[in-house]
Amino acid sequence: MSQQEPDLKKIITTIPVPVFYQDTRGLILGCNSAFALLVGQSAEQVIGCSFSELISPDARDLHQHADEQILRNRKRLKYYVTTHQKGREIHYVVRKDIFKQDDYDVIVGVLIDITQQEEAERRLHHQATHDALTGLTNRHEMQGILKNTDANARRYERPYSILLIDMDRFKMINDNLGHGAGDIVLRTFAEIADNLRRESDTLARWGGEEFIFLLPNTDSFHAANVAERVRSAIDEKTIQIGEQALNITVSIGVASYPEDSDKLEDLLSMADAALFEAKRSGRNRVMFSNKNDSGIFSIGTQMQRALEEGRLKAAYQPIVDLQTRELRAEEALARIILKDGKVSDAEAFIQAASDLQLSHKIDHLITSRAIKRHLTESRIEDKVQMFVNISADLLRHPELTDDLIRFTGETCRACGITDEDVKPIVIEITEREFLGNIHNAREALDPLIQFGLKIAIDDFGSGYSSFQYLADLPVSYLKIEGTLIKRMRNEPKVKRIIQGIRDVAKDLELITIAEHIEDEETAQALTELGIDWGQGYLFGRAEIED
Ligand SMILES: [Mg+2]
């Protein structure tokens, strides 16, 4: 080597970027100190090691594929790998080139850390697509998402719905309490609404105090439920700004594809018109845009119509003895027949119904139907029980409970059941309905209990401490919350919780019923635990009455 000619090996070592060279099998022939530092070994130790073992072994195929390609094409290439260092993800571009030395192929590679660059790009992208104040998707990005959703809906013939949401009296807040207060209100709304968002939905700030909630695969019926939940969640929230407690409300306009229009622009203006109508008629409400129904009508009207037009139906789901699989009972559930003939879970509407105080009507209707069918279909000899769901809303209407008792009494007598007999009817009540109001519940339930109906606690273990109910009410059945049943198979802890519920129930001589049983394995496990009865798809879905 002449004096002028520099030592390339030494030069490589001074480069602050990891450099290595390897043979065609991927084994390291040499590297610089930056590479040695990266893999945490000395440059000598690294020799003979496999490159993929040192750098992201998960990407072994990727490395191999790159080497094959470079051998074949004899052209430089690059690819991306991710490594994990001290719990952090580091992203690299691997650049490889090939050359021949003394008849051998040598591949030389450089690793360039692009983690920071990627993060900066991500940050920039986020800034460009999101609203700085609320962190929600911004208008510009939303326009693209709307177009995509519209295109997908057409291709797959799926519905979608748009909720246009506007804060009520926002200008007044801004004017009286300042823009800072306005910002807090907007951020609070964004947070509450975002919590109600499903993964596939998008919530965006559309401008000023206006927001847009896009619900893919959702028809107007289900959109109504979401809209009502957004409205009531905001309505219930009090925002504290300094000394001031603010109650804020929103108005919402809803439009759905393809029911209202098959054009995106039309849907947006229809949602806007419905929003205007919601404002005009008093704010804090949800309005629909529906050209088939003389313009605009409210969720209450939709529900009311289903009731009036006889589209609210009872459906019956079997409850069986887990040991013998014999039918022990049925639960009456509410279903709504939509205008296009499809059946919808009325549960999707229950929240809205209860907010609009329509639950009592639904409960009354379903319960009367169920009791009539049950008593007249001579199920009595088989000792099959009928479970009906009763909401707190129904119990607040004594005229309706009285009516149920009178009607049940008449039907019973017609079937030969005397007034003194215990009736084969079980009332399901949900603990959360009566939260903190057990004495009112007891008082309201008393006439029904005196009349000879039994009581089941529904969704037991769903998150509210319900043991007090067992102490205060003459409970006969305990229905164990379906989510617990579903989790039981994979979570030993949940299984022990169910064992605990069983023990309490056995002690108090209650019959336990497991809900949402979908497979034989779960049914077996529950039988072994000594749970008495079961309900779920495994034993039958809810069948709609004729
Ligand atoms: Mg129930």
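Trainee: How do α8 and α9 lie to each other?

Mentor: This is a predicted model, in which local features need pLDDT of at least 70 and side-chain atom pairs pLDDT 80 or more, while totals for chains, interfaces and linings use all residues. Residues are numbered from 1 along each chain as its sequence is written. The axes of α8 (170–177) and α9 (179–195), both DSSP runs (H or I, at least four residues; strands are E, at least two), approach within 6 Å and cross at roughly 140°. Since angles under 35 degrees are roughly parallel, over 145 roughly antiparallel and 65 to 115 roughly perpendicular, α8 and α9 are oblique.

Trainee: Which residues of α9 make the contact with α8?

Mentor: Contact requires C-beta atoms, placed from the backbone, within 7 Å. On the α8 side stand Phe-170, Ile-173, Asn-174 and Leu-177. From α9 come His-179, Ala-181, Gly-182 and Val-185.

Trainee: How does α14 run relative to α16?

Mentor: Helix α14 covers residues 359–376 and helix α16 residues 398–414; their axes are 10 Å apart, at an angle of about 10°. Axes are fitted to C-alpha atoms, for helices over the stretch in contact, and angles between N-to-C directions run from 0 to 180 degrees. That makes α14 and α16 roughly parallel.

Trainee: Which residues of α16 meet α14?

Mentor: Helix α14 brings His-360, His-364, Thr-367, Ser-368, Ile-371, Lys-372, Leu-375 and Thr-376 to the contact. Facing them in α16 are Leu-400, Leu-404, Phe-407, Thr-408, Thr-411 and Cys-412.

Trainee: Which strands stand at the edges of the open sheet?

Mentor: The sheet has five strands in the order β2-β1-β5-β4-β3, with antiparallel pairing. Each edge strand has a single partner, so one side of each is left without a neighbour in the sheet. The edges are β2 (28–31) and β3 (77–85).

Trainee: By how much are neighbouring strands of this sheet turned against each other on average?

Mentor: The sheet is open and antiparallel. With direction ignored, the average turn between its neighbouring strands is 30°.

Trainee: Which residue in β2 stands opposite Phe-20?

Mentor: Strand β1 (19–22) pairs with β2 in the antiparallel sense over three bridges; pairing needs at least two DSSP bridges. Opposite Phe-20 stands Cys-31.

Trainee: What angle does the direction of α5 make with that of β3?

Mentor: Helix α5 (60–73) packs on the sheet. The strands touched by α5 are β3, β4 (88–101) and β5 (104–113). Between the directions of α5 and β3 the angle is about 160°.

Definitions and conventions: Two residues are in contact if their C-beta atoms, placed from the backbone, lie within 7 Å.
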